[in-house]
Amino acid sequence: MNKIYRKQQLTPYEADYAQWCAEQGALLREGRLSDLDRDNLAEEIESLGRSDKREIASRLGTLLLHLLEWEFQAERRKAGWLLTIREQRFQIEDLLDESPSLKAYPGRRLGREFKIARLKAADETGLREGNFPADCPYSIREILDHDYFPGTPWSSDQLIRE
């Protein structure tokens with residue numbers, strides 16, 4: 001437990017964020033609700049949910065990029081792509097397990113994240129943007145399925161080791 005020995009004056013939010021957080025936590029534990037910086041504390045709590053959404057969107061974009069590379073450059077499949085695909089799926093799954101209210105969020109972000117992933121895939125592979133589908137060819141269920149890998153069948157001995 002963080003035990004903060006209070007000074008006479010509480011640290012302002014803008015002056016030292018870490019100290020402010022510690023003091024606010026101590027005030028909550030002590031039940032000293034009238035001393036809380038309620039406006040900033042409420043904003044910080046609300047931002048935690050936004051942070052999870054941003055992380056899901058970012059991981060979904062990375063996952064889509066590597067699925068596109070996996071499918072459209074089958075001859076250049078790398079072990080690193082496989083590791084990234086697996087990692088992103090597990091991390092998204094963990095975030096959704098921790099916040100079940102966000103289960104539908106990846107599906108809502110899919111179109112936007114796919115557009116970005118498509119552009120990045122073209123840049124990273126050297127292929128023209130037109131080589132990739134304009135709309136996401138994968139369902140959200142497939143994208144998050146640990147056993148789904150688009151394109152031609154593969155085995156781990158075919159992967160390029162970096």
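In this predicted model, a search of the whole structure for disulfides returns zero. Two cysteines may be considered alongside that result: C21 has a relative accessible area of 31% and is therefore classed as partly exposed, and C136, at 23% relative accessibility, also counts as partly exposed. Both values fall in the range set for this class, since a residue is called buried under 20% and exposed over 50%.

Aromatic residues were examined next. A pair of aromatic rings is described by the distance of the centres and the angle of the planes. Across the whole structure, six aromatic pairs are found. In one of them, formed by Y13 and W20, the ring centres are 4.8 Å apart and the planes meet at 85°, so the arrangement is edge-to-face, an angle over 60 degrees being the condition for that label. W20 has a relative accessible area of 2% and is therefore buried. Y13 and W20 also belong, together with Y17, to one aromatic cluster.

A second pair, that of W70 and F149, is tilted, with 5.3 Å from centre to centre and 50° between the planes. W70 is part of helix 2, which covers residues 38-72, whereas F149 lies in the segment that follows helix 5 (140-144), so this pair ties together parts of the chain that are 79 residues apart in sequence. Both W70 and F149 are buried. The ring of F149 has a further partner in R89, whose charged end sits over the ring at 5.1 Å from its centre. R89 itself is listed among the buried residues of helix 3.

The segment before helix 1 (17-30) contains T11, and Y13 is found in that segment as well. T11 has a relative accessibility of 10% and therefore counts as buried. When neighbours within four places in sequence are left aside, T11 is in contact with D16, Q19, W20 and E23. Under the same exclusion, the contacts of Y13 are W20, D37, N40 and E44, so that W20 appears in the contact lists of both T11 and Y13. The C-alpha atom of Y13 is separated by 46 Å from that of K78, a residue 65 places away along the chain.

Helix 3 (79-98) has 20 residues, and the distance from its first C-alpha to its last is 29 Å, which is close to the 28 Å expected at 1.5 Å a residue. Its buried residues are A79, W81, L82, T84, I85, Q88, R89, I92, L95 and L96. An α-helix has 3.6 residues a turn, so residues three or four places apart point the same way. Within the buried set of helix 3, such spacing can be followed from L82 to I85 and from I85 to R89. The elements that cover these buried residues include helix 2, helix 4 and helix 5.

The loop between helix 3 and helix 4 contains A104, which has a relative accessible area of 45% and is therefore partly exposed. Although A104 and I140 are 36 residues apart along the chain, their C-alpha atoms are separated by 9.6 Å.

Helix 4 comprises the 21 residues 105-125, which should span 30 Å at 1.5 Å a residue; the C-alpha atoms at its ends are 28 Å apart, so the two values agree. Along its course, helix 4 bends by about 45° at G111. The buried residues of helix 4 are Y105, P106, L110, E113, F114, A117, R118, A121, A122 and T125. The cover over these residues includes helix 2, helix 3 and helix 5, while helix 4 is in turn among the elements covering the buried residues of helix 3. Just after helix 4, G126 adopts a positive phi of about 80°.

Towards the later part of the chain, Q158 is located in the segment after helix 5, the segment to which F149 also belongs. With a relative accessible area of 52%, Q158 is above the 50% limit and is therefore exposed. Q158 and R77 are 81 residues apart in sequence, yet their C-alpha atoms are 7.7 Å apart in space. Not counting residues up to four places away in sequence, Q158 touches R77 and P153.

Notes
Residues are numbered from 1 along each chain as its sequence is written. This is a predicted model: local features need pLDDT of at least 70, side-chain atom pairs count only at pLDDT 80 or more; totals for chains, interfaces and linings use all residues. Side-chain values use heavy atoms; hydrogens and water are left out. Rings of Phe, Tyr and Trp (its six-membered ring) pair if their centres lie within 6.5 Å; planes under 30 degrees apart count as stacked, over 60 as edge-to-face and the rest as tilted. Buried means under 20% relative accessible area, exposed over 50%, partly exposed in between (1.4 Å probe, protein chains only). Helices (H or I, at least four residues) and strands (E, at least two) are DSSP runs, numbered from the N terminus. A charge sits over a ring if NZ of Lys or CZ of Arg is within 6 Å of the ring centre and within 35 degrees of the ring normal. The expected span of a helix is 1.5 Å times one less than its number of residues. The bend at a residue is the angle between axes fitted to the seven residues ending there and the seven starting there. Contact means heavy atoms within 4.5 Å. A disulfide is a pair of cysteine sulfur atoms within 2.5 Å.
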